[in-house]
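Hi,

Here is the model I promised to send over. Have a look, and my notes follow below.

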Amino acid sequence: MKNYLFVLRQPAHSGAFVQEMLDIILTTAAFDQPVSLLLLDDGVFQLKSGQQPEHSGYKNTAAIFNALEMYDVTAIYTEAESLAERGLVVGDLFLPVEVLARQEVAGFMRGFEVVFSG
Amino acid sequence: MKFALQINSSPYQANAGRTACAFIKAAVAEGHQILQVFFYHDGIYHALKYATPPDDEPSQTQQWQALAKEHHIDLAVCISAAQRRGLLCADEAWRQGKQGNDLADGFRIAGLGQLLAATLEADRFIVWG
């Protein structure tokens, strides 16, 4: 058993990157490992409410995020500065998140045994 | 120390593969063990059998093949990432009703479960690119 952290820094619909990261996240959860997500930089847009990917022919990755709870993936973190720099507030996101300050992020990462960077 | 590595970018998109190769050589020389190199996202393009760079360019696929042969390194290519991009080994092509075998010798097709198993066993997991 190890603690896994997935750091997501790409916006939604940046190629297949997000859905392929979600594949690893779901596999890790299916292996009964504790999983946490940290959304940084443009990664915060992955949880932005009101996505309409079907209009542009993209896969609906927001629906996969909504399914994470079924896999016991509920530890989702983001960074206050990443939200603020993009004009977003927690209320713009469609899942509950815990907000860290930028200066806390490095220490937070040290608490995990495996970190997937994205 | 036991290492598991993941390569995420293609040979002509970034230097991730080259620096990972250099890392592996240095790690093995120091007596460390490389459990697995997992090719994911566009990293799967390292495993294209028919990549044919000009004669005066080093082939990254051949570099990996030589490295794997010399040090018995497991080069695992993600099946879902590979199929998305059109890289199928002979078995998978047959199963999908297609022809061909695009997987370079020395690489093998693997699932995400094998990536997870490697991260669980390794002392360190490093993502490149």
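Leaving aside neighbours within four places in sequence, which residues is Phe107(B) in contact with? Counting contact as heavy atoms within 4.5 Å, the partners are Phe39(B), His46(B), Ala47(B), Thr61(B), Trp64(B), Gln65(B), Leu75(B) and Val77(B).

Before you dig in: this is a predicted model, where local features need pLDDT of at least 70 and side-chain atom pairs pLDDT 80 or more, while totals for chains, interfaces and linings use all residues. Residues are numbered from 1 along each chain as written, chains are lettered from A and ligands numbered from 1 in written order, and side-chain values use heavy atoms, with hydrogens and water left out.

Phe107(B) also turns up in the largest nonpolar core (buried Ala, Val, Leu, Ile, Met, Phe, Trp, Tyr and Cys joined through side-chain atoms within 4.5 Å; buried is under 20% relative accessible area, 1.4 Å probe, protein chains only). That core has 69 residues, and those touching the most other members include Phe6(A), Val37(B), Trp64(B) and Phe107(B). Its largest share, 8 residues, comes from helix α1 (residues 17–30) of chain A. There is also a second, separate core of 9 residues, Val7(A) and Phe108(A) among them.

As for chain B, 47% of its 129 residues count as buried. The chain has 5 helices and 5 strands (DSSP runs: H or I of at least four residues, E of at least two), in the order β-α-β-α-β-α-α-β-α-β from the N terminus. The C-alpha trace spans about 45 × 40 × 25 Å along its principal axes.

Cheers

Methods
Buried means under 20% relative accessible area, exposed over 50%, partly exposed in between (1.4 Å probe, protein chains only).
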